[in-house]
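Colleague: I would like to go through this model slowly with you, one part at a time.

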There are 2 protein chains.
Amino acid sequence: MSTPLVVEFQAGSSGTWRIERIAAVVGESLPDAGYLNMHEGNQTRAVVDTPAWALKGITSNTRYTTREEVTRLSARQQGLGRPEAMCAALIPIRKTAAWWALAQDERRAIIEEQSRHIQIGLEYLPAIARRLHHSRDLGEPFDFVAWFEFPVSHKAAFETLVQRLRDTEEWRYVEREVDVRLYRE
Amino acid sequence: MSTPLVVEFQAGSSGTWRIERIAAVVGESLPDAGYLNMHEGNQTRAVVDTPAWALKGITSNTRYTTREEVTRLSARQQGLGRPEAMCAALIPIRKTAAWWALAQDERRAIIEEQSRHIQIGLEYLPAIARRLHHSRDLGEPFDFVAWFEFPVSHKAAFETLVQRLRDTEEWRYVEREVDVRLYRE
């Protein structure tokens, strides 16, 4: 859980996940593509063709989560790759320079004490599984790539989840966000 | 200050900083070399020869520092490259898996409330300038590369500073540390 894992998302003309739609939420969108593949680690990649676009991130240690929150999350969350999780969402996000200039305690206060980001995510466990990838320190166009997997029965719940997060104080610091929806064929 | 800057330290047979000594503090050392160069950003590098070794890191946003601490640090600290700062130290550090498995609030409590890491560093400002580079998410052999610059008059003070830090609770989580001392010729 705490060993960094490099993950690359490649969009192209074939793959595991069919792209349903790509929508810009804030700022510039990503180019159209038919399929998406997720490659974990540095193993040789089964690249089928030149990707239409690719985003890279790293699963890292917790940055804001307290022990008490980690315990509650661990008790409820499930891993990726569940057979019933036929739907997915890839949501790359970039925050403003003002966000990154805040001190650690200021960012924590906005994320949780004001915006309840961790608490909101908890409400949708275990159905909506989530993994966060950090990209900012890799010189990527986004700061984070969030990946979600859930069953068809939770598509409406997922809409509510992302809408609740986008209505928070924390999201006032988001300057680019793209929402990519996918399903397994 | 908050825009990530890629920095690479290259050891070789010529350069800006003469290597005085390389000492393993915990774990494996680094190979001997005569000189060290620091390259900032992704500009074309004036590589004189194949480096004996190279370490890379990124200056990133604060991870533990509160607004109150940032304000106190900013009021006292000075930048790198002061003409009188003829001495330098390069201290790469790797922490244990147990450290990275701790939650954010647990790591913060060890670093500052127990170990007074930020407070100790403050005591040596402005004479001992410091910049921290994050390496763990880049797949580097160390988690951090700390870089210090100070005048000859503060060599003894620098010894005291590093010894005080090595005596803390935080340092019980250090599994590899190398201490490279340098001077400008």
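Modeller: We will need two words throughout: helices (H or I, at least four residues) and strands (E, at least two) are DSSP runs, numbered from the N terminus. This is a predicted model, where local features need pLDDT of at least 70 and side-chain atom pairs count only at pLDDT 80 or more, while totals for chains, interfaces and linings use all residues. Residues are numbered from 1 along each chain as its sequence is written, and chains are lettered from A and ligands numbered from 1 in the order in which they are written.

Colleague: Okay, so what is the mean pLDDT of chain A?

Modeller: The mean is 94, and 95% of the residues of chain A reach 70 or more, where pLDDT is the predictor's confidence in each residue, from 0 to 100. For the complex, the predictor gives an ipTM of 0.92 and a pTM of 0.93.

Colleague: How many residues of chain A are in contact with chain B?

Modeller: There are 22 residues of chain A in contact with 22 residues of chain B, and a contact here means that the C-beta atoms of two residues, placed from the backbone, lie within 7 Å. On the side of chain A that touches chain B, helix 1 (67-76), helix 2 (97-101) and helix 3 (104-114) of chain A each supply at least two residues. That side has eight nonpolar, eight polar and six charged residues, counting Ala, Val, Leu, Ile, Met, Phe, Trp, Tyr, Cys and Pro as nonpolar, Asp, Glu, Lys and Arg as charged, and the others, Gly among them, as polar.

Colleague: And by what turn can chain A be laid on chain B?

Modeller: A turn of 180° with a shift of 0.0 Å along the axis lays chain A on chain B with an RMSD of 0.0 Å, and this is the relation of a two-fold axis. The superposition is by least squares on the C-alpha atoms of residues with pLDDT of at least 70 in both copies. Because 100% of the interface residues of chain A are also interface residues in chain B, the copies meet through the same surface.

Colleague: Let's change topic, then: which residues touch the most other members in the largest nonpolar core?

Modeller: Those are B:Leu36, B:Ala88, B:Leu90 and B:Leu182, in a core of 25 residues. Such a core is a set of buried Ala, Val, Leu, Ile, Met, Phe, Trp, Tyr and Cys residues joined through C-beta atoms within 7 Å; a residue is buried if 20 or more other C-beta atoms, placed from the backbone, lie within 10 Å of its own, exposed if 12 or fewer, and partly exposed in between. Two or more residues of this core come from each of strand 1 (5-12), strand 2 (17-26), strand 5 (87-95), strand 7 (144-150) and strand 8 (174-184) of chain B, and strand 5 of chain B gives the most, with five residues.

Colleague: What is B:Leu90 in contact with?

Modeller: Setting aside neighbours within four places in sequence, B:Leu90 is in contact with B:Phe9, B:Leu36, B:Val145, B:Trp147, B:Val180 and B:Leu182. There is also a second, separate core of 24 residues, which includes A:Leu55, A:Ala89, A:Phe142 and A:Val178.

Colleague: In what sense does strand 1 of chain B pair with strand 4?

Modeller: Strand 1 and strand 4 (residues 53-59) of chain B pair in the antiparallel sense over seven bridges, where pairing requires that DSSP finds at least two bridges between the strands. In strand 4 of chain B, B:Lys56 is the bridge partner of B:Glu8. Strand 1 of chain B also pairs with strand 3 (residues 35-40) of chain B, in the antiparallel sense over six bridges, and there B:Met38 is the bridge partner of B:Phe9.

Colleague: Now the loops: is A:Ile128 buried or exposed?

Modeller: A:Ile128 is buried, because 22 other C-beta atoms lie within 10 Å, although its place is in the loop between helix 4 (117-123) and strand 6 (129-134) of chain A. Leaving out residues up to four places away in sequence, A:Ile128 touches A:Phe148, A:Phe150, A:His154, A:Ala157, A:Phe158 and A:Leu161. The loop between helix 4 and strand 6 of chain A also holds A:Pro126, which a cis peptide bond joins to A:Leu125, with omega about 0°.

Colleague: And where is B:Arg116 found?

Modeller: B:Arg116 is in the loop between helix 3 (104-114) and helix 4 of chain B, and its phi is positive, about 55°, although it is not a glycine. With 17 C-beta neighbours inside 10 Å, B:Arg116 counts as partly exposed. As background, most residues other than glycine have a negative phi, and most peptide bonds are trans.
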